[in-house]
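Trainee: I should like to understand the charged contacts in this structure. May we go through them one at a time?

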Amino acid sequence: MAGVWMQIAWVLVLCSVCLASLSENQDGVPLPLKAVTSSTQGSPWPMPQSITVMPVVYNLVGESQFMFTASKVQCDILDSAFKRYLGIIFFNKPRASKRPRHAPTHLRFRSAATELRGLNVAVEQPCPDYPQLESDESYSLTISDTSASLAATSVWGALRGLETFSQLIYDNEDGQLVINKTSITDFPRFSFRGYLVDTSRHFLSMSSIFKSLDAMAYNKFNVFHWHIVDDQSFPYESKAYPSLSRMNAYDQNHVYTRENVKAVIEYARLRGIRVMPEFDTPGHTQSWVSIPDLLTPCYSGTTPTGGYGPINPTIDANYDFLKIFFKEVVDLFPDHYVHMGGDEVSFSCWASNPAITDFMTQHQYGKNYSMLEQYYEQRLLDIMADLQTGYTVWQEIIDNQVKVRSDTVVHVWKGPYPSELANVTAKGYKTILSTPWYLNYISYGDDWRKYYVVEPTLFNGTDAQKKLVIGGEVCMWGEYVDSTNVIQRTWPRASAVGERLWSSVNVTSLDDASHRLVEQRCRMVKRGIQAEPIVGPNFCPYEYEE
C-alpha cells in the first residue's frame, strides 16, 4: 500500500511541475495562461493623426466589380499600387467562416444596405520620379455610403493612404469583406523613417530584400538604408572596379549585380521608399583590399605585420579612386543622400605605420590621430560636394570635430543618446536616431514595448533643436542574421518604431498599442510576411503558408 501512495505522490509532483512549466518559462518569467486575442479589427497601424470611425458598416463588392480610379494625376506608381492593393484586399485564400472569439465590438455594428464599389484617388501634383526627404506624405481618406475618396498632394501621400484604406477592411463573422464609415486626416510626424539591413556579414537574397520592402510599406517606413559592404565581404558589383566583388565577395553567387541594385531601387520606388546606400570609410574597409595601396599596412616596430588597417589618408591617388568609385555610386543610386559611414576608426594601425607618422609630423598633428581622420573626411566630403550629392554620417564625424556642410545629416547610434542629440542639434545639423532601436539585439518576451516608449525629442534642447531631429531608423546588423531569419527578427518589433515615428506624440498607450499590434502582426502574416508572435500565446485567423 505504501508503494501505491508513493506512486501517487510522484504523479502529483510531476503534475505540479507540468503546471508550473505552463505558467512560467525556464527563467521563471510568468506566461499568460490564456491565448491573447486581438481586440481590434480594421484598426490601422500606425495610428493616423486624426481618425473618426462611425458605427456603420459597408459591404465591399466582389473583386471583379471593385475599382480604384484616379480622378486627377495618373502615373506608373499609382497604376502599380492599384494592382497591388487589389490583390492585398481581396485575399485569395479561403476566408474564416467562424466569428473569432472575443469579437470586437464594431463587428456588431449595424450593416448598411449599400455596398462600397471602389475608391477614387485624387493626387494634386504630377508624379515625381523618385521620393525625397522633403516629400509630402499627407493624405485624407473618407469612406461614406457607396463612395470612398482619397486625396493627397503627392503620389507618396496617396501610397500611404492606400495602405491605410487596405487596413480598414476586415472580415465580418460571415466572411464578408466590410469597412466602417470612416474619416481620416493623416501625415507623418517625422520625415525620415528608416530600416537598415547589413548585407556584408551575411548576404540577403533578393526575395528577402523585396519582402523587407513590402513590410516597410505596410508599416509606412520610407528609407531603406542598405549597408551593402563591410570588412567581411564586398557583395556590390562595381563597374569601374570589378575586382572589389570578384576578389572580396564571399563568392560570385553572393554579389549584387547592377541589375539587382536597379531592381531593388525600382521595387522600393513603387512603394514610396528611398534606397540610401552606405559605403563606410575609412574604417570597415578590409574587403576593399584588392585596390592597390588603398589600405594602410600595419607594422610591428619596423616590420610589416601583413595586416591592414583603415584607408591610408596620406596617398593622393586614393582620393582619385574614391572620386571615381563614388561617382559611379551616385550615378547608380538616385537618392540625394549617400551614407558615408565614418564610425569606429581604429588609430592603432595608422600609429604603427612609419609613412603615416612622418605625415603626422609634417602636418603638425602630433599624436592626435583624430586630426588625420578629419583630414581624410574633409577631402572625402569635398569629393561628395563636387558630385553635388548629400551625405549622411555616423556621429563620430561630428564628435571628432570634422568640418562638414550645414546640410549634413548626422546618424546617432551611441549612448547616452539624449546628450548626443543635444550636442549634434546644438551645432545645427539634421539628425536621425538609432541608438535605442538596434533590433539585432534580441531578448525573450515582448521587447517591442521598450522600442515603443522611446521619445526621440526627449533631450535638453530648444524647440529649434528638436525640429532638427528628422526621424529615426531601426537597425538589423548581420552578424547573426541572414535570409532565414531577417524578416522574423525584424517584424513586428520594427512596427513599434514605425508608429513612434509616424503617429502623434500623444499616441503612447502600450495597452491600446498591444491590441492593435496583434492585428497588424496577423495582417502581415496574411500578406506573406513571416512576422513573429508579439504578445505570447495567440493565433491568427490566417496562418503563414509558403
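Mentor: The following exchange concerns salt bridges. This is a predicted model, in which local features need pLDDT of at least 70 and side-chain atom pairs count only at pLDDT 80 or more, while totals for chains, interfaces and linings use all residues. Residues are numbered from 1 along each chain as its sequence is written, and side-chain values use heavy atoms, with hydrogens and water left out.

Trainee: How many salt bridges does a search of the whole structure find?

Mentor: A salt bridge is a side-chain nitrogen of Lys or Arg within 4 Å of a carboxyl oxygen of Asp or Glu. Under that criterion, the search of the whole structure gives a total of 23.

Trainee: Which residue forms a salt bridge with Arg271?

Mentor: Arg271 is buried at 8% relative accessible area, where buried means under 20%, exposed over 50% and partly exposed in between (1.4 Å probe, protein chains only). Its partner is likewise buried, at 13%. The closest N and O atoms are 2.9 Å apart, and the partner is Asp214.

Trainee: Is Lys414, the salt-bridge partner of Glu396, buried or partly exposed?

Mentor: The closest N and O atoms of Glu396 and Lys414 are 3.9 Å apart. Glu396 counts as buried at 9% relative accessibility. Lys414, with a relative accessible area of 35%, is partly exposed.

Trainee: Which residues are linked with Asp198 in a network of salt bridges?

Mentor: One salt bridge joins the side chains of Arg201 and Asp230, at 3.4 Å from N to O. Arg201 is buried at 12% relative accessibility, and Asp230 is buried at 0%. The residues linked with Asp198 in the network are Arg201, Asp230 and Glu479.
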